[in-house]
Structures are given as C-alpha cells and as structure tokens.
Amino acid sequence: MNSTKALDIAGLEEVYDQLACAIDQAGPEKSELFLVKLALLNANALGDPSVVNAHIQTALRDL
Amino acid sequence: MHQPTSEPRRSIYYDYQVMRPWLAAEHPDSARAKVVISGAGPAGLTAALELARHGVPSVVLESELQVSEGSRAIVFTRRSLEILQQVGVAQRLSEDGLPWCFGNSYYRGQRVFRMENPHDDNDRFFPMLNIQQQYLEQYLVEAVQAQPLIDLRWGNRVVGLEQDEAGVRLEVDTPEGTYRLETDWLVAADGARSIVRNLLGLKMEGTSYEGRFVIADIRIDLPLPTERLAFFDPPWNPGNTVLMHREPHGIWRIDYQLPAGETPEDALQPESLRSRIQSALEQVGHADKPWEMDWSSVYSARTLTLPDYVCGRVLFTGDAAHLLPIFGVRGANTGFQDSQSLAWHLAFVAKGLASPKLLSNYSRERVGAAREIIDEAGKSTRFMAPPTRGFRLLRDAVLSLSLTQEFVRPLYHWRTSRPHEYTGSALNCAQDDNARFHGGPAHGAPPSNVKLGDDDYLLDHLGGGFDLLYFTEGPAIPGDLLETVEAARKNGLPLRLTAIGASSPVRGADKAIADADGHVRQRYGVEGEGAAYLLRPDQHICGRWLRLDAERLGAALTRMLSQ
C-alpha cells in the first residue's frame, strides 16, 4: 500500500471529479459495469495481483 | 425384470443396430469373471480393450441393447486419439471425423479472440477431431467383438452388489430375470448416474452450477469451416452464451444457455427449440438455409469427483468417477485417460505382478487429474455461465473491454482438455537424471510424438507394456543392461526395448529406429550416447537418464513391481 508514487492533492481532486462524472455518465444501470472495467484496467496497469488484492481488502472495509 | 427398449433409437443420420440381449439360460457354463466392467460407453469399452491388450479377460455388462442416443461427446483431443490408437480405432475415427485447430469467440459481432492450436508436423493426430459419440462407440464395440478376451453382454444391468476381500458378487438383471455373477474385480464405467456408485452409497465432492444449456444437433449445409464458434451475450439470448460445432454427416451442434429460471421441459418444447436455433443461424448469416432436427438434450455444468476411485474391489472410471463441464471437452477425453491408466494398473494386480496397493496409485493419479481439471473447468464455467452477480459483472466487464483491450482476451480461452502430468507420481524414478535434462518430456508427462517417415510416428511403436527407449548409435545394447532387462522380464514385467539412433539393427533391442534426422533425440532432449527414457504402459514418462547404467535401470524396474 506504500506506493512510492501517490496522488498529490490536485491530482486526487482531479480523479475525484472525473470518477464522479463518469459514474453519472454511465448511468445507474451501467455504473457498476463501468467501475469493474475500470478496476480491471487499473489492475492491469499495476501489474501485481498482491497490490490489487490489498486494494480490494482496503475497499471492502467499513462498507 | 430389466426390459431395455428393442426399438432402434431415432436419428436422421445414424442407423442404430439393436443387439440381442445376453441371457444366462443360453450360457449355462458361465464362470466367475476376473474383471467385470459395468457400462459399454467410451470409458468401459476402452478399459476392456486395454485390459485385453494386457492379457486380462473381462465381462462387459451393458444395460441397453444399442449404442448411446444422440451425438453427446463430439470433440476428441489428440491425446484421446493417441489412446484410441492403442486400442485400434483411431484410424477409423480419423478417416470419418473432422479435424480442427481453431476456435473463435464473438461479442457484439466482433471476433474478440481466436484460439490457435496449430497442428505440429510431428503429431499424427490433429489437436481436435469432431465425430459423434455413436460412431466412436460403434467402432469400439466392433473392436471388442473381435477380441476373444472380452465377453460383451447387452441388456445386462447391475442391480445389486456385495463385496469382501476376495471379490464382488453381482446381481444382474436381464430380459429373462436376474442371475448372479462373481468377479475378482468390478470396474464401474456406468456413467454420470452410475448405479454402482449409488449401490455403494458413495458421494461425489464439488460444485454444481445452475446455468443450463440446451445441446441440439441439426442437419444443415453451412459453408463454414470446422472451427469452434462461441457467441457471448448475443442480442437474441442476452447475457447468455451460444456455441456451434460442425460434426460429420452434415450435422451441426448448437449449444445455447437458457435464461435463468427456464425449465428443461420448456426449453425442449419444439417451438422453443425451433425459434432459438433459427436465431442462432440468423446470427451466422444463414437464416435462409433449410434444416432438420436430430437430437436435443439439456445440460448443466458440474465439477464433481469421488475422492477415491478405488472402493475395495470396485474401481471407478469416466463419468462414474467424476462429472466435468463440457466446456473444454473434458468428459470423454478425461475418461479415456482414466481407463487407459486403470487398465494397466488393474492388469498388473490381476496378473499377480504387483500387489493391490498399486491400485491406490491409479486412484491418486486420476483423482489428482480430476481435481486439476475441476480447477481449470471451474474457471471456464464461471466465465461461460457466471454463477453469481459478482462473476457476471466481471465477465461482462471483460466482454466489454475485449472489444478494444488485448490484455483481457485470453480469458476467452477455456483451457481445452489436456493430459495430466503425473509429476509427483510414486512411480517416478528416484535415482534418474530427470532434472538434468534440458528438454523433452519430464517425469509423469505424456510422451511427445515424432514423425519418423510417411505414415510412421514414434507412438505407433510404443505401448502395451513398459517401453525402454535407449539412444545409441552402436551395434548392440550393452550386455549388463540387457541382463537387467531380461531379469525384469523373467519376473513378468512386460518390457520392450527400442534402440533409437542406429541405422542398422541393434543387437538385443526388440526394435531399432534410425532417427536419421535426429528428430527423436531433439524432441526428447537427448544430447549423448546411452541416454534412455522409461515409459509406463500408459506411455507416461517414469524415468530418464543422460547415460543409463544397469544398476539404476534395475532400481527403476524393481520400483515398478514393488508398489
């Protein structure tokens, strides 16, 4: 989880807005599908199943 | 009283022959059997033929009076053909079947994945061969009828069994009533709904999936190549999967998944079948072609296995031992490997060459194979027919991404049946040079075939017992090696010695293969004089040496018989 490359505040805010807009654009029917596609693309870019699994576990917390 | 139907099954392309039932009254001198095999499907008949090849007689009991209904298993792998070559039916299958190498997956009208499995020049058989199961069974039945060691009894159904350390007592029902049959060993090859398994109260372990598929055979003239076609989420069957395969005799197999909740009875209504098949044809651009229905059935994927294939004096093979999904053609293709393995293990025990403990090796190896297959088939099944909302979301995300993203496309490849490698087998030699080879099939692997000449391949020359391949350019097998081989043979071990690499006959070898172009040496990673491979009767590798000596060969051969 201690990635050497993290988002700075400006980057985080940019992604925050982009994600929100994209979920709205996908619509309630397709937003889940959109998010899974995104997760797979990001996982492929990360290239490490254990990092992906750590992210999955973190995201599952406090739902 | 067992009354199998004596009406030929209906088919528009296959002429069913109804056999006469075997009646005890007509065979008053019928004796105790060495081996009884329940079930004359592909697994049972292959087991009987392999046992006969090892010199062990068997009685095969088949409940019906004819071969099975419908095309059922239609895709046979190269390894299956190599096994069927051993029992003498591969040539007929090759002549009548349709070979293929490629599979195509489509989504939203785009081909998103192409499975390429090219045909290697060193292989006699293509990666896949399509032929209906009736033909396979017919050819096996004809081979069985030509084999005096096999007593095939039509219309005989096992209805009761008891066993102790000495053998199994069966109650067999026939059209004239029941009779008793005693046997040293019983092989349960009686399929998915195995009566023997039920009589013994044995339970399989694993998962049953809910997704149901209709499998239907139609006669139609389609100008399409013999390649597998898979359609995901087509507009006419949203969210579901459709498969198409060409079969011989102008027949096509269409498999389509049913919407959740639809019953098999509804799915098999003629109007439902007609409109869905018409939609499938429309999808491939041939809605205008006339077609005729032959056979249909409903199927659901299961990944189940017995935890042990030996229960006292009863051994399980094929679907009686495990139920595997059709995706990846793992049913019959796994059954051939089971039966080939079962036959030699059982033959060695039945002939007194090895103790019954050897049978636990059969169970260990084949249960291991089934578990590996279940693991792989489970992945395929979860992609083909997602069992939960999560799996469906992931599958749909992959379908969507696959239109533009290369990295997800291999997920369409549903890991076609391949032979299990017995890497950790107790039969693998402890003191050989397995790890020091830089190529070639390793411990437990199936053999690599090699083209030797026109219509002449290495595997044509192997099988029926242990095979020792000795690589030499010299005129004779070294004397001390030959003595070790002779000593093993005196103890009853069937062992053939094949010399590879010499252009003239090699003294002491049963056969010499010149290997003038070095292809065998290359495929087996052999770099020097005196290297050797030891193959089990199922042709899997159990030992290999960079330079074989008599002492290590002796240890390896002793290991086989001391299990």
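In the predicted model, helix H9 of chain B (residues 358–384) lies across four strands of chain B, namely S12, S14 (241–247), S16 (292–305) and S19. The angle between H9(B) and S16(B) is about 120 degrees.

The strands crossed by H9(B) belong to an open sheet of eight strands in chain B, ordered S6-S5-S13-S14-S15-S12-S16-S19, in which the pairing is mixed. The edges of this sheet are formed by S6 (110–116) and S19 (322–323) of chain B; each has a single partner strand, so one side of each is left without a neighbour in the sheet. Within the sheet, S12 (residues 205–219) and S15 (residues 251–257) of chain B pair in the antiparallel sense, with seven bridges between them. Arg219(B) stands opposite Ile251(B) of S15(B).

A helix pair was also examined in chain B. The axes of H2 (residues 78–86) and H8 (residues 331–350) of chain B come within 9 Å and cross at roughly 40 degrees; the two helices are therefore oblique to each other. The crossing of H2(B) and H8(B) is left-handed. H2(B) contributes Arg79(B), Ser80(B), Ile83(B) and Leu84(B) to the contact, and H8(B) contributes Asn333(B), Phe336(B), Gln337(B) and Gln340(B). Of the residues in this contact between H2(B) and H8(B), three are nonpolar, four polar and one charged.

At the level of domains, chain B is divided into domain 1 (24–87 + 123–205 + 307–359), domain 2 (206–302) and domain 3 (434–561). The centres of domain 2 and domain 3 of chain B, taken over C-alpha atoms, are separated by 48 Å.

Technical notes. Residues are numbered from 1 along each chain as its sequence is written. Chains are lettered from A and ligands numbered from 1 in the order in which they are written. This is a predicted model: local features need pLDDT of at least 70, side-chain atom pairs count only at pLDDT 80 or more; totals for chains, interfaces and linings use all residues. Domain bounds come from an automatic or database domain assignment. Axes are lines fitted to C-alpha atoms, for helices over the stretch in contact, and angles run from 0 to 180 degrees between N-to-C directions. Angles under 35 degrees count as roughly parallel, over 145 as roughly antiparallel, 65 to 115 as roughly perpendicular and the rest as oblique. A crossing is left-handed if the near helix is turned anticlockwise from the far one by less than a right angle, and right-handed if clockwise. Two residues are in contact if their C-beta atoms, placed from the backbone, lie within 7 Å. Ala, Val, Leu, Ile, Met, Phe, Trp, Tyr, Cys and Pro count as nonpolar, Asp, Glu, Lys and Arg as charged, and the others, Gly among them, as polar. Two strands pair if DSSP finds at least two bridges between them.
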